[in-house]
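User: I'd like to learn how to read helix packing and aromatic contacts in a model. Can you walk me through it?

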Amino acid sequence: MGYVKDSFKLKADEQAKEIKALIDQHGNKKLEDVTLAQAYQGMRGITGLVTETSLLDANEGIRFRGYSIPELRERLPKAEGGSEPLPEGLFYLMLVGEVPTQEHAEHVSATWARRSHVPNYVFDVIEALPIATHPMTQFCAAIIALQNESKFAKAYHDGINKKEYWNYVYEDTMTLIARLPRVAAYIYRRKYKNGEHIQPDGMLDWSANFAHMMGYNDESFKELMRLYLTIHADHEGGNVSAHATHLVGSALSDPYLSFAAGMTGLAGPLHGLANQEVIRWIDEMYAELDNNSPSKEQIAEYIKKTLLAGKVVPGYGHAVLRKTDPRFTAQMEFAKKHCSDDNMIQTVWNIYEVAPAILESTGKIKNPWPNVDAHSGALLKHYGLVEEDFYTVLFGVSRALGVLASLCWDRALGFPIERPKSITTEWVKKFIKESEKAAS
Ligand code: AMX
């Protein structure tokens, strides 16, 4: 076994023992009560999942294994000459639960480089789709095509002891993550660069190689990719992409099938597609005002108009967060260092100054502050990655790190098939009648 795998297995065995004792001794403890409103309204606030890789605090934002984004930027290993964290290091942290050394991160990097070869039939599947197909659809189709090589599916078919599930899920996880940048870059070059593909460079780290295959060799763009692929990786377990991956995985669908489920969820405009929507919304505002540098007053009017039209202001609001997303702040800091005079970035910052007060004044939006998607597109545009339809694919490549590390944990901890109880409105009416009768 490789030492990342060994370290993970050791940690998971310890944790499994601890969880067994917790359930034996405290299994009947109530976490909270569930209200009728919660059942109808997206299960908001119901604590009903265990996800080990990260935890979201409504005011502070995400912590990965206890570390905030500023702490990760400080503590995770960097590429030579770089100052942003290597996502390889974050993956190690989420999987093993310890901050990696430089050597650990480079080991993960080398493993992914070794496993990155994508079989030709996957490219054939992509090529079979009309070029106009949305990049997220192409991405999902390619992930499904990659499933053909699932070690977990084969081992399950051949018959394995359930204690070995984690082993094959780990192997699939490492291979799938290794191949995603090549697949994503292929879709990018096919759709936007006349199919002129760029071969991988096995000497580069995962993010830099991804940037290189998309055709971006600027050192600060590679740094942006390292930051981007780190901060989008995980957001605890209840968000659509993480929950879908976990749920489908609980049926013992292999990591390819499970991750594809997560990605079809990420493709929704209220989740990962919001990053492309933000740029569309800004471009529409520029066009309508015939002005690429609108004043704060003009932006405020445009926000009000959007709300009046019954549309959402993309990039703002969150189901859990109640303050500015630290992932927004990390990108803002990056932009201040590398490209503060960019016009669209200035617009993003001006929106940040006026939008929260307007959204708050509606009285119904629970979080008027920006989320991760409010900033990412403007940064990508600055470096020439202007094709906003592609942005969610970048998000998806990153999200693989968190949701697949979690899937390894799910199988290592022996989590069962997920199956919450649902009810009908008929049942609800009867329940209310009976409880009122009992109370009278
Ligand atoms: N603009 C306009 N209205 C908004 C809004 C926004 N940015 N955010 C919330 N609202 C509205 C909701 O649509 C809802 O309206 P309704 O009562 O008429 O249906 C009301 O405010 C209450 O919603 P909420 O409890 O504050 O939010 P939620 O948990 O239901 O939804 C989210 C969260 C993210 C879907 C929502 O804020 C939204 O649609 N934001 C814009 C899209 C976006 O940026 N998505 C990205 C989220 C991060 C990610 O996953 N990548």
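Analyst: Let's begin with what a contact is: heavy atoms within 4.5 Å. One thing to keep in mind is that this is a predicted model. Now take helix α7, which spans residues 135-146, and helix α9, which spans residues 165-192. On the α7 side, P135, Q138, F139, A142, I143 and L146 take part, and they meet L176, R179, L180, V183, A184, I187, R190, K191 and Y192 of α9. Sorted by type, the residues of this contact are 11 nonpolar, one polar and three charged.

User: At what angle do α7 and α9 pack, and how far apart are their axes?

Analyst: The angle is about 140°, and the axes are 10 Å apart. Roughly antiparallel would need an angle over 145 degrees, so α7 and α9 count as oblique to each other. The crossing of α7 past α9 is right-handed.

User: Which term fits α10 and α19?

Analyst: Here the angle is what to look at. Helix α10 (residues 206-214) packs against helix α19 (residues 391-412) at about 160°, with the axes 13 Å apart. That angle makes the two helices roughly antiparallel. Their crossing is right-handed. W206, F210 and M214 come from α10, while α19 supplies L394, V397 and L401. By type, this contact has six nonpolar residues, no polar and no charged.

User: How do α15 and α17 pack?

Analyst: Helix α15 (residues 296-308) and helix α17 (residues 343-361) sit at about 55°, with axes 9 Å apart. So α15 is oblique to α17. Again, check the handedness: α15 passes α17 in a right-handed crossing. K296, I299, A300, I303, K304 and L307 of α15 meet T347, N350, I351, E353, V354, A355, I358 and L359 of α17. The split in this contact is nine nonpolar, two polar and three charged.

User: Switching to rings, how many aromatic pairs does the structure hold?

Analyst: The general idea first: a pair of aromatic rings is described by the distance of the centres and the angle of the planes. This structure holds 18 aromatic pairs. One aromatic cluster is formed by Y188, Y192, Y216, F221, Y383 and F390. You've met Y192 already, among the α9 residues that α7 contacts.

User: Which ring does the charged end of K336 sit over?

Analyst: For that feature, you ask where the charge lies relative to the ring centre. The charged end of K336 is over the ring of W349, 5.9 Å from its centre. The cut-off for that distance is 6 Å.

Technical notes
Residues are numbered from 1 along each chain as its sequence is written. This is a predicted model: local features need pLDDT of at least 70, side-chain atom pairs count only at pLDDT 80 or more; totals for chains, interfaces and linings use all residues. Side-chain values use heavy atoms; hydrogens and water are left out. Axes are lines fitted to C-alpha atoms, for helices over the stretch in contact, and angles run from 0 to 180 degrees between N-to-C directions. Helices (H or I, at least four residues) and strands (E, at least two) are DSSP runs, numbered from the N terminus. Angles under 35 degrees count as roughly parallel, over 145 as roughly antiparallel, 65 to 115 as roughly perpendicular and the rest as oblique. A crossing is left-handed if the near helix is turned anticlockwise from the far one by less than a right angle, and right-handed if clockwise. Ala, Val, Leu, Ile, Met, Phe, Trp, Tyr, Cys and Pro count as nonpolar, Asp, Glu, Lys and Arg as charged, and the others, Gly among them, as polar. Rings of Phe, Tyr and Trp (its six-membered ring) pair if their centres lie within 6.5 Å; planes under 30 degrees apart count as stacked, over 60 as edge-to-face and the rest as tilted. A charge sits over a ring if NZ of Lys or CZ of Arg is within 6 Å of the ring centre and within 35 degrees of the ring normal.
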